[in-house]
Amino acid sequence: MAAVASFKYATIASTVVALLLACAITLFLARRIGRPLATAAEIADRIAGGELTTPIPTGGADETGTLLRSMTIMRDNIRNMVERERRQRRSAQNRLLHALESSHEGLLLVDAEGRIVLANSQVARFFPRAAPEIVAGAMFAEVFAEIGRDRVSAIAPAVAGGGERPASKRLLSAGGEFRLGDGRWLRVSRSVTQDGGFFLVFSDFTAIKEREHHLSLAKQEAEAASAAKSTFLANMSHELRTPLNAIIGFSEVMSSELFGPMGNPKYRGYVASILDSGRHLLDIINSLLDLAKADAGKMRLEGEPLELCRIVEACAGIMGEQCVRGGISLELAPIDTALVVWGDAAKLRQITLNLLSNAVKFTEPGGRVSLRAGKDVPGFVDLIIDDTGIGMKAEDIPKALKPFSQIDSRLARRYAGTGLGLPLTKALVDLHGGELRIESAPGRGTTIIVRLVEYSREVEERALATASD
């Protein structure tokens, strides 16, 4: 029993000693491993939270010390990267701010809550009385509502924009054009940002507005001058036609010796010259009157379906004698009777005669003038007049289509002209809804293509509807 009791006490004592030893080892390990690891975890959490200045103990030569030293290197690297990014961001912001401040445009940034985030100094210069309120954090609607109520340096809605809404509402909706109280004009453009705010750009375009105003005045003056010219030409043409008709009529009576023979044969030549000159002058006056009507938009088209071959053949017959006198051959290609155009017969004859007369006029003896017609584009018929005359440069073609213009060439000086034939012809072609195209080269002749509208029931109905309107 004594031995058992002794063994019992020895076992208890050894157990207590073992427990005490285990506690001592545990405390030792906790101090050497657990606490540094807990400290390292706490430091890692603080670094992750952005505390990059957190001190890290050096640690010993074991694994924990290696870990703490690695964390120190990581903290320093992160701090350097953050600092570098911060410097780059600050530099970019400074450059952006410098660019915004140096801009001649007013730039204003508003966040999703309607607060002003950024406004450069140009905005304050545009609105000097509200400049103290245009600061970061101010409510955009309140600031610009005050500007809208200020009638001294107010934003007045542009005439083009219309409406009486406050300036802030107009700017918040879609921007627009506004006039300041000092007379300057602003154009405001608006763009939406990703966060739900918006960006406004104020541009001073007073100079553009002034130019628009001057251009508008110049246009009105030009239109008034053109109307006055057309009225003058129409009035003068009517005034001159009456005495000319009398001159031509009496000349015809005298030329035909209706009331008996004249005493001297020379008088018959004089009368013939008077008659030719009167008819020539009457043609010029009629051309002026037609051109004035075309410019004023008063020329009317008596449209009907017409066989193009009949008009071309009649005009070729009229010009045949003139071609014989000039030693020029006139060639007329057969024209299909199925080519029917919509137009005014008298005006189409005038178009054809004008172009044939020009072709004969500028073609030397021994040359050739030809007429043909065809259909290259659906819905249109082409009348083509070719000559082997002197031709003209490509840059001279627009000049030839202007009224009273003359191209300075040998034959143009040799033959007199008023420069009304081609402009009047183009006006008549345009009246028919067609197109006049000229292809020419010096010494190679000229080709004129008149594209006319082909007749169809739809074309007739559309023309009649336009005439009734």
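1. Let's begin with a term: accessible area here comes from the Shrake-Rupley method, run with a 1.4 Å probe. By that reckoning the protein chain exposes about 28,300 Å², and carbon and sulfur atoms supply 58% of this area. Please keep in mind as you read that this is a predicted model.

2. Now the overall layout. The protein chain holds 13 helices and 13 strands. Of its 469 residues, 31% are buried. If you take the contacts in the chain with a separation of 6 or more, 57% of them join residues 24 or more positions apart.

3. Helix 2 is a good one to trace on your screen. Its 40 residues run from 63 to 102, and the distance from the first C-alpha to the last is 58 Å, close to the 58 Å expected at 1.5 Å a residue. The buried residues in helix 2 are Thr64, Gly65, Leu68, Met71, Arg75 and Leu100.

4. Next, have a look at helix 8, residues 308–326. With 19 residues at 1.5 Å each, helix 8 should span 27 Å, and its end C-alpha atoms are 26 Å apart, which agrees. Helix 8 also has a kink of about 40 degrees, centred on Met319. Just after the helix comes Gly327, with a positive phi near 70 degrees.

5. Which residues of helix 8 are buried? They are Leu308, Cys309, Ile311, Val312, Cys315, Ala316, Met319 and Cys323. So Met319 is both the centre of the kink and a buried residue, since buried means under 20% relative accessible area. The cover over these buried residues includes helix 9 (345–361) and several strands, among them strand 7 (304–307), strand 8 (329–332) and strand 10 (368–374). Strand 11 (380–387) and strand 13 (446–453) are also included in that cover.

6. A word on the cysteines. Is Cys315 buried or exposed? Its relative accessibility is 0%, so Cys315 counts as buried. Cys23 has a relative accessible area of 45% and is therefore partly exposed. A search of the whole structure for disulfides finds 0.

7. Helix 9 is worth a check of its own. Its 17 residues should span 24 Å at 1.5 Å a residue, and its end C-alpha atoms are 24 Å apart, which agrees. At the N-terminal end, Asp344 acts as a cap, with a side-chain oxygen 3.1 Å from the backbone nitrogen of Ala346. The buried residues of helix 9 include Ala345, Leu348, Ile351, Thr352, Leu355 and Leu356. Ala359, Val360 and Lys361 are buried in helix 9 too.

8. One residue of helix 9 deserves a closer look: Lys347. Why does Lys347 count as buried? Its relative accessibility is 16%, and the cut-off for buried is under 20%, so Lys347 falls on the buried side. Leaving aside neighbours within four places in sequence, Lys347 is in contact with Met299, Arg300, Leu301, Leu428, Leu431 and His432.

9. Finally, visit Leu339, in the loop between strand 8 and strand 9 (340–343). Leu339 has a relative accessible area of 10%, so this loop residue is buried. What does Leu339 touch, not counting residues up to four places away in sequence? The list is Leu306, Glu307, Leu308, Ala373, Gly374, Lys375 and Val381. Take Ala373 from that list: Leu339 and Ala373 are 34 residues apart in sequence, and their C-alpha atoms are 8.4 Å apart in space. Leu308, another on the list, is one of the buried residues of helix 8.

Technical notes
Residues numbered from 1 in each chain as written. Predicted model: local features only at pLDDT ≥ 70, side-chain atom pairs only at ≥ 80, totals over all residues. Heavy atoms only, no water. Helix = DSSP H or I, 4+ residues; strand = E, 2+ residues; numbered from the N terminus. Expected span 1.5 Å × (residues − 1). Bend = angle between axes of the 7 residues up to and from the residue. Buried < 20%, exposed > 50% of the residue type's maximum accessible area, 1.4 Å probe, protein only. Contact = heavy atoms within 4.5 Å. Disulfide = S-S within 2.5 Å. Polar contact = N/O pair within 3.5 Å; in protein donor to acceptor, adjacent residues only side chain to side chain.
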